[in-house]
Amino acid sequence: MTEPPGRRERKKAATRQKIADTALRLFLERGYDAVGIRDIAAEADVAVTTLFSHFASKEALVFEQDQDFEQRLTQAVTGRAPHEPLIPALRREIQAMVRHCTADGAAPIWRMIDASPALRQYEESMRLRHADSLATAIAADLGLPQTTTACRTIARFVIDAYSLAREAPDPDAAMDEIFPMIEAAWEVGFPVPAPAGAGPR
């Protein structure tokens, strides 16, 4: 009998999470470079092909929240309440992501990433991809036919805000310092038109 779609999706998500959790445990126990794909597949009790159906590369196993974070950023733009300003909505999402990535137990993971050139390169490419997706969402929200330099600039600032706050001794204080600058950049890049008839007095 064919499984209902909901059950299949739950099983698929559970398998994916099991693989990611197993990989992270092995990486932290043995070191990232000392663990191979076959080691992870064997420990998670899945075929190598199954692992690759969920994760495109070894590096992707470390950043298993990659797609979720990208979707959350674009949904902060597209899913906010009508007339809610964009930058506060993005700040709220970035703050939630920073808190997730600075929770107890995260420090060893970031030390592992910082120590690996391959993981640092993957993280950088991931950040650029997230910025591109966010710029596209901002342009669509503004009704622009394509992304502009201003859209891409704001998107890069927001993605960099995440990294800077995550690395700061006091992430909340860093957010308080960074986002007024992003607000100012937004006002310069997308000034609100003056009401009709308004002018200097």
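# A guided walk through an all-helical chain

UniProt, in an unreviewed entry, places the feature "DNA-binding region" at residues 36-55; its positions are given in the numbering used here, feature names are shortened, and annotations may be inferred rather than shown by experiment. The structure shown above is a predicted model, in which local features need pLDDT of at least 70 and side-chain atom pairs count only at pLDDT 80 or more, while totals for chains, interfaces and linings use all residues. Residues are numbered from 1 along each chain as its sequence is written, and side-chain values use heavy atoms, with hydrogens and water left out.

The protein chain as a whole may be considered next. The chain holds 10 helices and zero strands, where helices (H or I, at least four residues) and strands (E, at least two) are DSSP runs numbered from the N terminus. The C-alpha trace spans about 75 × 50 × 25 Å along its principal axes. Of the 201 residues in the chain, 39% are buried; buried means under 20% relative accessible area, exposed over 50%, and partly exposed in between, with a 1.4 Å probe and protein chains only. Contact means heavy atoms within 4.5 Å. Among contacts between residues at least 6 apart in sequence, 65% join residues at least 24 apart.

We now return to the annotated region. Over residues 36-55 the chain is 75% helix and 0% strand, and the end C-alpha atoms are 14 Å apart. The same unreviewed UniProt entry type also lists residues 13-73 as "domain: HTH tetR-type". The end C-alpha atoms of residues 13-73 lie 21 Å apart, and this span is 75% helix and 0% strand. Asp45 is found in the loop between α2 (37-44) and α3. Most residues other than glycine have a negative phi. Asp45, although not a glycine, has a positive phi of about 60°, and with a relative accessible area of 64% Asp45 is exposed. Ser57 lies in the loop between α3 (48-54) and α4. Is Ser57 buried or exposed? Its relative accessible area is 18%, so Ser57 counts as buried. Not counting residues up to four places away in sequence, Ser57 touches Phe52 and Tyr122. Lys12, in helix α1 (residues 5-30), is partly exposed at 47% relative accessibility. Between Lys12 and His54, 42 residues apart in sequence, the C-alpha to C-alpha separation is 8.8 Å.

Further along the chain, His83 occupies the loop between α5 and α6. His83 is not a glycine, yet its phi is positive, at about 70°; at 82% relative accessibility, His83 counts as exposed.

Helix α6 (residues 86-101) follows. With 16 residues, α6 reaches 23 Å from its first C-alpha to its last, close to the 22 Å expected at 1.5 Å a residue; the expected span is 1.5 Å times one less than the number of residues. Its buried residues include Leu86, Leu90, Glu93, Met97 and Cys101. An α-helix has 3.6 residues a turn, so residues three or four places apart point the same way. The buried residues of α6 pack against α5 (66-78), α7 (107-115), α8 (117-141), α9 (149-167) and α10 (171-189). Glu93 is one residue of α6, and Glu93 counts as buried because its relative accessibility is 18%. Leaving aside neighbours within four places in sequence, Glu93 is in contact with Arg72 and Ala76.

Helix α10 can be read in a similar manner. Its 19 residues should span 27 Å at 1.5 Å a residue, and its end C-alpha atoms are 26 Å apart, which agrees. Among its buried residues are Phe179, Ile182 and Trp186. The buried residues of α10 pack against α6, α8 and α9.

Two cysteines also deserve attention. Cys101 is buried, with a relative accessible area of 9%, and Cys151 is buried as well, at 0%. How many disulfides does a search of the whole structure find? The search finds zero, a disulfide being a pair of cysteine sulfur atoms within 2.5 Å.
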